[in-house]
Amino acid sequence: MMTKTRYIFVALAILISLHYILSFSHEGYGKATSFDNLKAQWEGFRGQKDTTVNADGPVKVWHEPPYKTPVPEKYFLNGTFDKPTRRASAAIVSLARNGDLNGIIRSMTQMEEKFNHRFGYPYVFLNEEPFSEEFKRSVSGLTNNLVEFGLIPHDHWFQPDWIDEEKATKNRQWMIDNNVIYGGSVPYRNMCRFNSGFFFRHPLLDKYRYYWRMEPDVRYFCTLSYDPFLFMQDEGKKYGFTISLPEYGETITTLWDAVKEFVRDHPEHVVKDNAMGFLSDDNGDSYNRCHFWSNFEIGDLDLWRGDAYMKFFDYLDSKGGFYYERWGDAPVHSIGAALFARKDQIHFFEDVGYRHEPFQHCPQEPLHSQNHCSCDAKENFDREGWSCLNRYDRIFT
Ligand SMILES: Nc1nc2c(ncn2[C@@H]2O[C@H](COP(=O)(O)OP(=O)(O)OP(=O)(O)O)[C@@H](O)[C@H]2O)c(=O)[nH]1
Ligand SMILES: [Mg+2]
């Protein structure tokens, strides 16, 4: 005799098979169901409290943002002389010009002091021009670990030939006239497009799975006594941030339209339990301009190398918005992470004190004392009215 559970399984199997047969044999059915499905994902997940099962099996349903649960003890080194017993496949990655040397020295000295002298991760520096001997020597001298310097392939950096230069020039002039930050700069646009779609394809990164993005002249305020890469790897995280804020609207006038078009045409790429609630206050209709500030990122390179994001980037690139507007890598990465990773795979590094002018994230007590943070706890972007952390928090409640 069949048990009740078996009946349910058999019925489910028949339903799923029927759905697949119909999806393949009737295009309309396939589109309609997957789009409906998608809409339900955007609308339905907020507030869901029960355990849920997706294609990967049972997944935890969060009742509060995951960062409220302390990082497990097992990731920490305890005594000062405690050595890591294992390491992730990861590197600290920095895009820089030769002229950024002093700023890089300042950032890297802190990176070593606060974290990496204990953990021993390698560095990769990328540039569209060859690094000078002085740059290479100075930077290599700051660490005992491997430091590699890579040249960016021409086509990964410079404005593609198919961009209508007349239109691009006219739009840059409009931005200059309207005081849009970096509105007149082509190199800035090259940088944003490179960071959005190419840095993770550089051959020097092929051997790594995780990266920590480091910019010149940033501050790392606190001691980090655990390995964030192992944490990301073992906990299945894909993207980590410290500060989130709204993007300047003038730089992304048509970005959201392009995102919506992509999602309409490729609903199969949007994951269940995504972070759309971080990006949109009206279930995806409009973009609230919230993004993770990408000058700090700890991420899984495979998120960007995957089919979903690669297709997404190509789609955006084909619109020309990196040059006709001034699409930043921060909103592009953030939208990519929010749609192609589950919301619980996006991690707020609350314990990492960080400053990139003009904003900082300073951990509050007890983290501030535990991690010996050298920032003023009152100066903390999370408390500002226009931090987007509340949008991140609310997707878990
Ligand atoms: N090789 C190279 N690196 C660049 C270029 N422009 C910017 N970068 C690097 O790209 C990253 C982001 O550039 P930033 O100029 O810091 O951009 P931003 O953070 O939006 O602006 P700031 O507020 O000025 O820091 C940094 O790591 C820079 O060193 C460039 O033309 N060539
Ligand atoms: Mg910067």
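**Exercise 1. Find which residue of strand 6 stands opposite V93, and describe how strand 3 is held by its neighbours.**

Step 1. V93 stands opposite R213 in strand 6, and I92 stands opposite W212 in that strand; strands here are DSSP runs of E with at least two residues, helices are runs of H or I with at least four, and both are numbered from the N terminus. The model is a predicted one, in which local features need pLDDT of at least 70 and side-chain atom pairs count only at pLDDT 80 or more, whereas totals for chains, interfaces and linings use all residues. Residues are numbered from 1 along each chain as its sequence is written, while chains are lettered from A and ligands numbered from 1 in the order in which they are written.

Step 2. Strand 3 and strand 6 (residues 210-213) run parallel and are joined by 4 bridges; two strands count as paired if DSSP finds at least two bridges between them.

Step 3. Strand 3 also pairs in the parallel sense with strand 4 (residues 123-127), over 4 bridges. There, V124 is the bridge partner of V93, and F125 stands opposite S94.

**Exercise 2. Determine whether strand 3 and strand 4 are enclosed or open to the outside.**

Step 1. A residue is buried if 20 or more other C-beta atoms, placed from the backbone, lie within 10 Å of its own, exposed if 12 or fewer do, and partly exposed in between.

Step 2. By this criterion 6 of the 6 residues of strand 3 are buried, so strand 3 is largely enclosed by the rest of the structure. Both of its faces are covered, with A90, I92 and S94 on one side and A91, V93 and L95 on the other.

Step 3. In strand 4, 4 of the 5 residues are buried, so strand 4 too is largely enclosed by the rest of the structure.

**Exercise 3. Give the strand order of the open sheet and name its edges.**

Step 1. The open sheet is formed by 7 strands in the order 5-4-3-6-11-8-12, with mixed pairing.

Step 2. Strand 5 (147-151) and strand 12 (346-348) are the edge strands, each pairing on one side only.

**Exercise 4. Work out which face of helix 9 is buried and what it packs against.**

Step 1. Helix 9 spans residues 255-265, and L255, A258, V259 and F262 are buried in it.

Step 2. Seen down the helix axis, these buried residues fall within an arc of 100°, so they line one face of helix 9; the arc is that of the directions from the axis to the C-beta atoms.

Step 3. On the other side of helix 9, D257 and R264 are exposed.

Step 4. The buried residues of helix 9 pack against helix 12 (307-319), helix 13 (321-324) and helix 14 (329-340), where a contact requires C-beta atoms, placed from the backbone, within 7 Å.

**Exercise 5. Describe the residues around ligand 1.**

Step 1. The residues around ligand 1, those whose C-beta atom, placed from the backbone, lies within 6 Å of it, include S94, L95, R97, N127 and E215.

Step 2. Strand 3 (90-95) and helix 7 (186-197) are the elements that give two or more residues to this shell.

How values were computed. Two residues are in contact if their C-beta atoms, placed from the backbone, lie within 7 Å.
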